[in-house]
Amino acid sequence: MVDCTKDYCVKDISLAPEGWKKIDWVSRFMPVLRAIREDFERRKPFKGVKIAATLHLEMKTAFLLLTLKAAGAEVSAAASNPLSTQDDVVAALAEAGIKVYAIRGETREEYYENMHRALDIGPNIIIDDGADMVSVVHRERQELIDEIWGASEETTTGVIRLRAMERDGVLRFPVIAVNDAYTKYLFDNRYGTGQSTWDGIIRTTNLLIAGKNVVVVGYGWCGRGIAMRARGLGATVIVVEVDPIRALEARMDGFLVMPMREAAKIGDIFITATGNINCIRREHFEVMKDGVILANAGHFDVEISKPDLEALAVEISQPRPNITEYRLADGRRLYLLAEGRLVNLAAADGHPAEIMDMSFALQAKAAEYIKENHERLEPKVYTLPREIDEMVARIKLRAMGIEIEELTEEQKRYLESWEHGT
Ligand SMILES: NC(=O)c1ccc[n+]([C@@H]2O[C@H](COP(=O)([O-])OP(=O)(O)OC[C@H]3O[C@@H](n4cnc5c(N)ncnc54)[C@H](O)[C@@H]3O)[C@@H](O)[C@H]2O)c1
């Protein structure tokens, strides 16, 4: 049933009705993106513009891609992770005329093949999540660069990679670090990852969190959210950090802080969210308790060492969907969720709709910002202007029925002056 013969590559086009139901459901809870869509539908700012996206192809993303199409763009898309694709949503997108190439569980080769297909439209704008598409363009599709005005990047790991490209002088077009907008990381990374990571773990394992020792590796924006929600579920939370300031913050937020070699001995559930490699590895697996759960919320599946798990295991099996059991020589069993890929997307539906409402509103506005400003932007990594961040926050507050205080003229003058004192 896999169909790659037309302007799309989908598992089964007949799944589209289910995909439409999902997209319809989430769009009801995405008022900011809905407002932008209405405006874009009227103005058609992307008429004649080609946009290629590499994103987690699930229902909220679908609403962003449909918004760009409604704005007049020709849109193509591929997955940003082989396990986060929802085949029914992809089928709906294909039906809507989006050139989408993605199948859940695709191999590494198919993943890149599909990314190349999405790039074949010759994009003016790229929307990336993890910087794989931008990286592929710079390494293998340089013939496309002249037509590319710029790109926007969704996540921390992608921004780190793009800053490395800028530092090494190889970045060839401007990139907007959407991740670094306040209305992105303060909400998406913290409250989005905080909730959806637990959604993935609980759905997949059907286990109790209360009374467990939960080890959160990395106390960045994602780690803070995961730790906060673990406490709410009744766990004892242990934070593992390399940054002394963040470690101190974790302690004063009320969590235990210790190195991984100590946490490994007492943890029941381990969750990585660092953007780094091999944070949990052989020496840690060797001292873990029987039956521990290992999950990752960071962008790539390298935070928990799968090669070390495979080397230590005498038997590898699949006790439930999305759970891999590694049985060690001494009989202990370690359970890895979703092959170590982002557990909230590979084992659940990703962030809540209300969160992606803001992140994708920023993506839509970033695309417009690139279109309007690309001639004056350098090949560098930029953050979005504060006005766009505030606009997203204001629409969101309005949709939530919340009014905020306004500065009086006297207060504005007071804050701007330096003459006053005691
Ligand atoms: N699952 C999702 O939906 C989702 C959403 C947003 C971001 N992300 C990804 O999650 C990762 C973290 O993002 P963030 O915004 O929290 O980043 P961040 O930079 O704010 O935090 C990462 C933290 O990890 C720490 N760290 C690095 N190496 C470590 C190690 N070996 N042991 C312990 N701590 C270590 C850093 O000091 C830092 O405090 C990134 O890969 C990002 O792309 C995932």
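This passage describes the overall build of one chain and then a site listed for it in UniProt.

The model is predicted. The chain contains 17 helices and 15 strands. Its C-alpha trace spans about 75 × 65 × 45 Å along the principal axes. A compact globule of 422 residues would have a radius of gyration near 22 Å, and the chain, with 22 Å, agrees. Of the 422 residues, 56% count as buried. Contacts with a separation of 6 or more were also examined: 70% of them join residues 24 or more positions apart.

The chain exposes about 18,900 Å². Carbon and sulfur atoms supply 51% of that area. The chain carries 54 positive and 66 negative charges. The mean positions of the two sets are 2 Å apart.

An unreviewed UniProt entry lists Asp129, Glu154, Lys184 and Asp188 under "binding site". These residues span 60 residues in sequence, yet no two of their C-alpha atoms are more than 13.4 Å apart, so they gather at one spot.

Two of the listed residues, Lys184 and Asp188, lie in helix 8. This helix covers residues 182-205. Lys184 has a relative accessible area of 2%; because this is under 20%, Lys184 counts as buried. Asp188 is buried too, with a relative accessible area of 4%.

The contacts given here leave out residues up to four places away in sequence. Lys184 touches Glu154, Thr155, Val178, Asn179, Asn189, Ser359 and Leu362. Asp188 touches Glu154, Thr193, His351, Ile355, Met356 and Ser359. Glu154 and Ser359 thus appear in both sets. Glu154 is itself one of the residues in the UniProt listing.

Note on methods
Residues numbered from 1 in each chain as written. Predicted model: local features only at pLDDT ≥ 70, side-chain atom pairs only at ≥ 80, totals over all residues. Heavy atoms only, no water. Helix = DSSP H or I, 4+ residues; strand = E, 2+ residues; numbered from the N terminus. Rg over C-alpha atoms; globule rule 2.2 N^0.38 Å. Buried < 20%, exposed > 50% of the residue type's maximum accessible area, 1.4 Å probe, protein only. Contact = heavy atoms within 4.5 Å. Areas by Shrake-Rupley, 256 points an atom, 1.4 Å probe, with all protein chains shown as cover. Lys, Arg positive; Asp, Glu negative; His and termini not counted. Charge placed at Lys NZ, Arg CZ, Asp CG, Glu CD. UniProt positions renumbered as here; feature names shortened; annotations may be inferred.
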